[in-house]
Amino acid sequence: MPSFRDICIEIKKYRLTTASLLSSPIEYLKGVGPLRADMLKKELNLFTFNDLLHHFPHRHLDKTKVMSIASITPEQDYIQIKGVLQGIEMIGIKRSKRMVAQLKDETGIIELAWFQGITWVQKNIVEGQPYLVFGRVSFFNGKAQIVHPEMEPYVAQMMAQKSLLEPVYSSTEKLKARGLNAKQIGKLTYTLFQQISQKDLPENLPSHLLENRMGRWEAYRQIHFPSSQDHYKKALDRLIFEELFIAQVRLNLIKIDRHKNSKGHLFEKVGDHFNTFYNKYLPFELTGAQKRVIKQIRQDVAKGYQMNRLLQGDVGSGKTMIALMAMLIAADNGFQSCLMAPTEILAGQHYESLKELLKEMPIEIALLRGSTKVGERRRILKGLLEDTIHFVVGTHAIIEDIVQFKNLGLAVIDEQHRFGVAQRARLWKKAIIPPHVLVMTATPIPRTLAMTAFGDLDYSIMDELPPGRQPIKTVHRYETSRASVMDFVKTEINKGRQAYYVYPLIEESEKLSYEDLMQGYEQVKSFFPEPTYKISMVHGRQNSKEKETNMHRFKTADTQILVGTTVIEVGVNVPNASVMVIESAEKFGLSQLHQLRGRVGRGMEQSYCILLSSVKIGREAKERLKTMCSTNDGFLIAEKDLALRGPGDIDGTRQSGALNFKLANIINDKVALELAKEAAFLLCDKDPNLQSTENEPLRAYLIAQKAKIGWGKIA
Ligand code: ADP
Ligand code: MG
């Protein structure tokens, strides 16, 4: 049975011995000399036949219909008409000189006009002859006109032989100047199809995926030179599916290979710790999503390979409980666990809540972070080394080399977007067999993006909130109504609630200055004077002790208002806080706004989020705020974010070849992506080495491909 390593060796051999026609340099194409080749390379990155083949037309000019002149309206763009040419005349002098003519059919007359190349046109057109005319219609003084039309003498049977949907390719000004406009690139493509044949584009899909799907060769031809709109659509569908399917097959193969080659601790049983907790101390019923994810984790850790699971859950979906249950499974199998958080505040909070949940359980738990005192630190280090401490919660203090475990079996990393890959790698060094890793993030990524960007990881999605939560009411207000916003906040506080004021000051940098924050603080203070009201403040310039103290005062309801920067963004849990005011909300991205808002809506009371912005904001900012007001669903918001910004920018996506699709678009082609994913999974699951006859074409294709991504990793 060949392994993937064998396949990679095959790939190398293949590259040495074969060179397909499609890999020929572009200058070998008829009509492309060295000069044109240079231009095509520089301007459009077209180096080979294959590149030209994949330079797809962005639209087609529809020459299937011939309109009657009377039916032309200003809404039309390109039109095709047929008529007799008459009334050629020259108008104007010097620079305003032009030639016009009339084209007449049974229904009416339209004007044709030329401003350039007049002499040549004049020589080549004949009055009184019928022509087929194509061009963009414009209206001038209420009269329809076509400037610089394409024309050819009309012959009755010509329509049958023409390519009626004419491809339009992107070109550049420089190329146009050298005689390579959209149309001429079309000619090159046409030539290309005369030089290549079906054997250059062999089928790569197994036959069961070809039912109701266009064949590969046919699809490439039809996407460039379709014989009808319907054929074009089928060709496009086929090639989009192929693109997504191949990417998914690759991701599956990488995943299978990683599982095969990564040894991991075997957590065979679910024992007393887990069961006792589940039956006696679990304070609520788990949501369906939580149950599903715990099951996935249990399956992962029982397989003998290292789990590397990404858990995406919307804010408030209850990820901490997942972490705890996974840690209990580790403990049942005699392993220690660590839970890492990106900030001291969060680590402290996790520690407190786990300690509370586990107070009746025989589990020793410790908190280790930068501010941990020397004596306590010494005790923890010893406990970890001797396995008298089972769970340790902390910040990246945990990954310092001095921290050694007797038996680390599981590392949970919370809010991953603040935790670098390099830091995670240091965890591996703490054991010969690396611990299982569960990365939790509350920055939802649209499903489709996750499927393509993280398809080689194991990932879980929690898109269900615990029952009984009241949706947060979100409104957008302009700064001009700040006074009434303050009044509203006051009413809420007088009811016993607490409130956040957030400023877009990100650590030390940009957006708002530190002075602005202080000014904001003073302003809040003037609305909420002491001693009736108490305010605490957290920001990036404070040391962790100060932050902690101020947070603590808010948490224990000693202060009613917390003024802060995005430091409070992640994880902070104060259920009594039910109002959040976000200042200069237009300066935040969607996912960050969503994260921030997730700090309220954690208790039984109705919660509010008020987005304050200046009066003058751009269209996109408006769209963001509108989205926030219309939904609380993090996955929907992420999708909107993706649509607004495009996939390149989304946090947490890796540089992944999976995003460089030529035809597929993960926003629009969701259905195809789901189909491709399902098909790829089934296929790889059944035949992970692609050995069956049915999968021979696919295997041959993957081997022949200059495997840039994925396979390179395997070799
Ligand atoms: P996040 O996913 O944002 O980290 P948390 O783990 O902080 O969410 O959970 C948010 C709140 O929901 C916590 O107060 C937690 O105790 C509570 N919670 C978690 N799971 C459930 C559940 N199944 N039913 C009710 N409340 C839950
Ligand atoms: Mg959390």
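Reader: By class, how many residues does the lining of the second largest pocket have?
Author: This is a predicted model, in which local features need pLDDT of at least 70, side-chain atom pairs count only at pLDDT 80 or more, and totals for chains, interfaces and linings use all residues, while side-chain values use heavy atoms and leave out hydrogens and water. Residues are numbered from 1 along each chain as its sequence is written, and chains are lettered from A and ligands numbered from 1 in the order in which they are written. On a 1 Å grid over the protein atoms alone, a pocket is an open set of points where a 1.4 Å probe fits, with protein on both sides within 12 Å along at least five of seven lines, and lining residues have an atom within 4 Å of a point. If Ala, Val, Leu, Ile, Met, Phe, Trp, Tyr, Cys and Pro count as nonpolar, Asp, Glu, Lys and Arg as charged, and the others, Gly among them, as polar, the lining has 10 nonpolar, 13 polar and 9 charged residues.

Reader: Which residues that line the second largest pocket are the closest to its centre?
Author: About 910 Å³ of space lies in this pocket, a volume being the space filled by probe spheres set on the grid points, which are joined across faces, edges and corners. Of its 32 lining residues, the closest to the centre are Gly318, Thr320, Arg469, Asn573 and Arg602.

Reader: Which helix gives the largest share of that lining?
Author: Helices are DSSP runs (H or I, at least four residues), numbered from the N terminus. Helix H11 (319-332) and helix H12 (344-357) each supply at least two lining residues, but the largest share, 5 residues, comes from H12.

Reader: Where does ligand 1 sit?
Author: Around ligand 1 there are 16 residues, each with a heavy atom within 4 Å of it, and the closest are Gln290, Gly316, Lys319, Thr320 and Arg469. A molecule sits in a pocket if more than half of its atoms lie within 2 Å of the grid points, and by this rule the place of ligand 1 is the second largest pocket.

Reader: How much of the area that ligand 1 exposes taken alone does the protein bury?
Author: Among the polar contacts (pairs of N or O atoms within 3.5 Å), oxygen atoms of ligand 1 lie 2.6 Å from a side-chain N or O atom of Thr320, 2.6 Å from one of Arg469, and 3.1 Å from a backbone N or O atom of Gly318. Of the 570 Å² that ligand 1 exposes alone (Shrake-Rupley method, 1.4 Å probe), the protein buries 80%.

How values were computed: A polar contact is a pair of N or O atoms within 3.5 Å; within protein, one must be able to donate a hydrogen and the other to accept it, and residues adjacent in sequence count only if both atoms are side-chain atoms.
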